[in-house]
Amino acid sequence: MTNGHALAPLDISLESVTPSASSARRPLDLEPAVPASARGVRLRAAPRWIRRTVGPLLLLLLWQVLSATGVLHPEVLASPGTIARAGSDLIADGTLLSAMGTSLRRVAVGLVLGGVAGTALALVSGLSRLGEHLVDASVQMLRAVPRVGLIPLFIIWLGIGEAPKVALIALGVAFHLYLNVYAGIRGIDAQLVEAGDSLGLRRWGLIRHVVLPGALPGAMTGLRYSLATAWLALVFGESVNADAGIGFLMNQAREFFRTDVIIVCLAVHAFLGLAADAIVRVLERLLLQWRPTLTGQ
């Protein structure tokens, strides 16, 4: 009793404090929040080769639809189905594989000859001021000459056999490698050369440990350009009195208006070019592990 008034007892039951069993067992219906960046990660979770094939597959689908609806006439451009059957027939009788083997041999020989010549000229011009005066101007003039215009001279000088075809490929390869290797050598930081001098490296030591590693990224870029140019030069080279090769098949199909065979040969060119570029990418990852690069997000 306080001040003459009795305190009323508190009527608090256990049920009013403790939640019911049903409400305790019921989970909360909450939806987890997913940030926008996480959604982008989900889209990029698919393998890279799948993401890279989405665009070409959509293009093929559109092509097939236009052919089936008559928008694209077969004499103008064959449908993907017709092209697939033509490719299957060429593979079955061995014509396409034989042509690929001949073309690959020509590209390989031209790539080796042009690669050695272009790299050697770039080293002479990039490492020596006198070499630059003697070599660079001549290379730049020859690079400006249309290579197709050199075909008649190559036929007169080298005949009509394999030599002019290989020479045309080697010429295009040499120019690309020369430009990129030369730019890579001249783009080396002068402080690296000074550091090599302070460490006691002589000229050949500088070339081995400073110049060549510094020029290697440019050489890899030049190799990728050279491979693309080699396949382009192959088409022109195989138009010169050729009796085998992918270019020969294309010229033969042109005479009979076989657009399906022409597209098959173009697809083979594209596939071989993509495979060669993939090989160079692997070489870049192996040889340029020391160089940090931006891979994209």
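How many residues apart are Arg-281 and Asp-277 in helix H13, and about how many helical turns separate them? I'll come back to that in point 3; these are a few notes on the charged pairs in this predicted model.

1. Let's start with the tally. The structure has four salt bridges, and the ones below are among them. As general background, side chains of opposite charge can pair when their charged atoms come close.

2. Take Arg-224 and Asp-277: they form a salt bridge, with 2.8 Å between the closest N and O atoms. Arg-224 sits in helix H11 (residues 203–237) and Asp-277 in helix H13 (residues 259–287), so this pair ties together parts 53 residues apart in sequence. As for accessibility, Arg-224 is partly exposed, at 28% relative accessible area.

3. Back to the opening question. Arg-281 and Asp-277 are four residues apart in helix H13, which puts about one helical turn between them. They form a salt bridge too, and here the closest N and O atoms are 3.1 Å apart. Arg-281 is partly exposed, with a relative accessibility of 33%.

4. Put points 2 and 3 together and you get a network: salt bridges link Arg-224, Asp-277 and Arg-281. Asp-277 pairs with Arg-224 and also with Arg-281.

5. Then have a look at Arg-258 and Asp-260, whose side chains meet in a salt bridge at 3.0 Å, N to O. Is each partner buried or partly exposed? Asp-260 is buried, at 10% relative accessible area, whereas Arg-258 is partly exposed, at 38%.

Terms used:
Residues numbered from 1 in each chain as written. Predicted model: local features only at pLDDT ≥ 70, side-chain atom pairs only at ≥ 80, totals over all residues. Heavy atoms only, no water. Helix = DSSP H or I, 4+ residues; strand = E, 2+ residues; numbered from the N terminus. Buried < 20%, exposed > 50% of the residue type's maximum accessible area, 1.4 Å probe, protein only.
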